[in-house]
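Reader: Before I plan any work at the bench, could you take me through this chain and its charged pairs?

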Amino acid sequence: MKSIGKISLGPIVGLACGALLLMGAEQATAQNEIIVSQYVHNQYAINPAFAGSREGLSLYGGFRKQWTAIENTPRSFLFTGHTPLRNEKMTLGANLYVQGIHETTSAGLMVSVGYRTQIKRDVYLGFALQPGVAIRTADWSKVRLMDEQDNVFTDKESGAAPLLGFGASIYAPKYFAGLSVQTLFLSDSFERTKAEFAPADATYLLTGGYWFDVNDRWAIQPSLMLDYNKANDMATDITASVIYNEKLWVDLAYRTTKDMTIGVAYMPKRQLKIAYSYTLSMGDLRSYDAGSHEISIQYDFVYRVKTVGHRFY
């Protein structure tokens, strides 16, 4: 690891990762309810400041089914895309999610505009703003009732609320760290008029990871994610990834909300990655939960490569 002056970035980032990496893989905010367990393979999904980090147009699509043994539990789709612009210091990205829970559906679209600067060879510092909108609908007429004449459950409701996210990141071929907030605007589920700019009540994510080469074929990547909201207990996600030949990933993660995740990702070629993960609750839902499944595919249209080696974020 090269150094700036007499200060080596390796130990600094290593220590940062120990504190930075603590923020859970499954996260939800008042406006962005989408649940993500594969953040290690798509950092942009939770932090817009990673836009452009793959040095080309990167497209990602994922589907998740939560708690499969329980009826009408969350099912969600997530699509992201990001790229550096012709001016390499500027980045652009978009994040679209759709999630259904029981008789309600929520969808959100966020567009990010970012700036990054190369602080030394292959090391970037990035910042991004991510405005957007969340839309929710509910069809209460689909609720199964003992009293079918209950008029309270015959209406349909809809509402929209603004989103405004922010992210900061530092990344290089062997490490990443980031701080982000999905939205600084909070509101009631179906009340557009009650949206408030409330940064003190938002959920903040702190992430990081480091790639350790074991030999020419094997590598290990520990990573952590920590999410903080003053109204809830802080959650910690600890992940260990074992990588073979930069093509096959096996991920094992534990979250302090008593969830265990095991995942596998495969890169049949340099630009394509397919990932699957399975999450099992170890807490109160264990007797009822058959697990949560998530699958994703990512493709990079890399038109320039400025670094030698892997890009794992």
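**Burial and salt bridges**

Author: In this predicted model, buried residues account for 48% of the 313 residues in the chain.

Reader: How many helices and how many strands does the chain have?

Author: The secondary structure has been assigned along the chain. The tally comes to one helix and 19 strands.

Reader: Which strands are tied together by the salt bridge between Glu 294 and Arg 64?

Author: The side chains of Glu 294 and Arg 64 meet at 2.9 Å, N to O. The two residues are 230 residues apart in sequence, so their pairing ties together strand E19 (residues 292–301), which holds Glu 294, and, on the side of Arg 64, strand E3 (residues 57–65).

Reader: Is Arg 64 buried or exposed?

Author: The cut-off for a buried residue is under 20% relative accessible area. Arg 64 has 2% relative accessibility, and its partner Glu 294, at 4%, also counts as buried. Because its value falls under that cut-off, Arg 64 is classed as buried.

Reader: Where does Asp 201 lie, the partner of Lys 230?

Author: Lys 230 and Asp 201 form a salt bridge through their side chains, at 3.1 Å from N to O. They are 29 residues apart, with Lys 230 in the loop between strand E14 (218–228) and strand E15 (235–244), and Asp 201 in the loop between strand E11 (196–197) and strand E12 (204–210).

Reader: What is the relative accessible area of Lys 230?

Author: Asp 201, at 34% relative accessibility, counts as partly exposed. Lys 230 counts as exposed, a class that requires a value over 50%, and its relative accessible area is 53%.

Conventions: Residues numbered from 1 in each chain as written. Predicted model: local features only at pLDDT ≥ 70, side-chain atom pairs only at ≥ 80, totals over all residues. Heavy atoms only, no water. Helix = DSSP H or I, 4+ residues; strand = E, 2+ residues; numbered from the N terminus. Buried < 20%, exposed > 50% of the residue type's maximum accessible area, 1.4 Å probe, protein only. Salt bridge = Lys/Arg side-chain N within 4 Å of Asp/Glu carboxyl O.
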